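Here are some exercises to work through with the model open in your viewer. Try each task yourself before reading the solution below it.

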Amino acid sequence: MGMGTDSRPTGAAGLARPVGIRVAAEIRARIEDGRWPVGVLLPTEAELAREFGVSRPSVREALSALHFAGYVEPRRRRGTVVLSASPVPGGARHVGAASSLAEVADLLEARLTLEPAVLWLAAADPEPAALDAAQEAVAGMALVTDTESIPADTDHRLHALIADVCRNPMLRDELKTLLARASGPVWRRTQAAAWQERAALRRRWATDHGQIVTALERGDGAAAAEFSRRHLLSAVENAVGYNEMPASLRIRLRRMQQTFRVEPDPSAC
Ligand SMILES: [Zn+2]
């Protein structure tokens, strides 16, 4: 098999497909150490499945996760090409990206209001194909939790894939419009220090994402909403700690934490 125990997933609880993640971690290691340099084609799915002793669906999941994280890209009729030896997939810019710290605060408040509610509804009748895509994105996101370079726009793409699980197109589109604003340089700046300096927080975020998707799979709307709310409160906490946040906005963010805080959960660490 050739896959060491150090390639286990980074504590992302709730990931349903550990085999795919293990394969993805091994492929990523080879890309990062230059065995499969940028520009080369990976071996075929069948070859990878044989080499790692896993099923082709597991290989496909691994490749989807690596694609999400920005390492590889499927090319029609050619196979899968290596795009990058780090998880930074170019600087995608989004129309409507938060352009000031005040807008970052607006965005966090809007997401706290809408996102848990949409996921609560989504859990009642989740869209199966979207659940699969979300699960693969969670795996892709988990792959980058041990890297210090902040993956550009990975988080908001993951949240948009989770939003697709909701079948109501109005709510889904409203939420995705909001999520597209969680991108661009101002937003990233508020999150970057925490991402770079706090490995435990990165793992916690990966765990949050896994828990949200697992709750949706279980059809547990209350849990999906609760995990989502806690995840967003963690982003608020980060924004509070951002050293360039003006005092007036810090007060507003603190008030937001009070508004959206409910009973402390004994299982939360
Ligand atoms: Zn997130």
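A residue is buried if 20 or more other C-beta atoms lie within 10 Å of its own, exposed if 12 or fewer, and partly exposed in between, with C-beta atoms placed from the backbone. The model is predicted, so local features need pLDDT of at least 70 and side-chain atom pairs count only at pLDDT 80 or more, while totals for chains, interfaces and linings use all residues. Residues are numbered from 1 along each chain as its sequence is written.

**Exercise 1.** Decide whether Arg-77 is buried or exposed, and find where Arg-77 lies.

Solution.
- Step 1: count neighbours. Arg-77 has 4 other C-beta atoms within 10 Å, so this residue is exposed.
- Step 2: place the residue. Arg-77 lies in the loop between β1 (72–75) and β2 (79–82). Helices (H or I, at least four residues) and strands (E, at least two) are DSSP runs, numbered from the N terminus.
- Step 3: check the backbone. Phi of Arg-77 is near 65°, which is positive although the residue is not glycine.

**Exercise 2.** Describe how β1 and β2 are joined.

Solution.
- Step 1: apply the criterion. Two strands pair if DSSP finds at least two bridges between them. Here four bridges join β1 to β2, and the strands run antiparallel.
- Step 2: list partners. Pro-74 is bridged to Thr-80 of β2, and Arg-75 to Gly-79 of β2.
- Step 3: name the motif. β1 and β2 form a hairpin, with three residues between them.

**Exercise 3.** Put the hairpin in the context of the whole chain: how many helices and strands does the protein chain have?

Solution.
- Step 1: count elements. The protein chain has 11 helices and two strands.
- Step 2: read their order. Along the sequence the pattern is α-α-α-β-β-α-α-α-α-α-α-α-α.
- Step 3: look at burial. Of the 269 residues of the protein chain, 42% count as buried.

**Exercise 4.** Work out which residues Ala-24 touches, starting from its burial.

Solution.
- Step 1: Ala-24 lies in helix α1. With 31 C-beta neighbours inside 10 Å, Ala-24 counts as buried.
- Step 2: two residues are in contact if their C-beta atoms, placed from the backbone, lie within 7 Å. Leaving out residues up to four places away in sequence, Ala-24 touches Ala-62, Ala-65, Leu-66, Ala-139 and Leu-143.
- Step 3: compare sequence with space. Ala-24 and Glu-61 are 37 residues apart in sequence, yet 8.1 Å apart from C-alpha to C-alpha.

**Exercise 5.** Which helix gives the most to the largest nonpolar core, and where does this core lie relative to domain 1 and domain 2?

Solution.
- Step 1: a nonpolar core is a set of buried Ala, Val, Leu, Ile, Met, Phe, Trp, Tyr and Cys residues joined through C-beta atoms within 7 Å. The largest one has 66 residues, and those touching the most other members include Ala-24, Leu-119 and Leu-216.
- Step 2: α4 (101–124) is among the helices that each supply at least two residues. In fact α4 gives the most, with 11 residues.
- Step 3: domain 1 (5–82) and domain 2 (101–260) both contribute residues, so this core lies between them. Domain bounds come from an automatic or database domain assignment.
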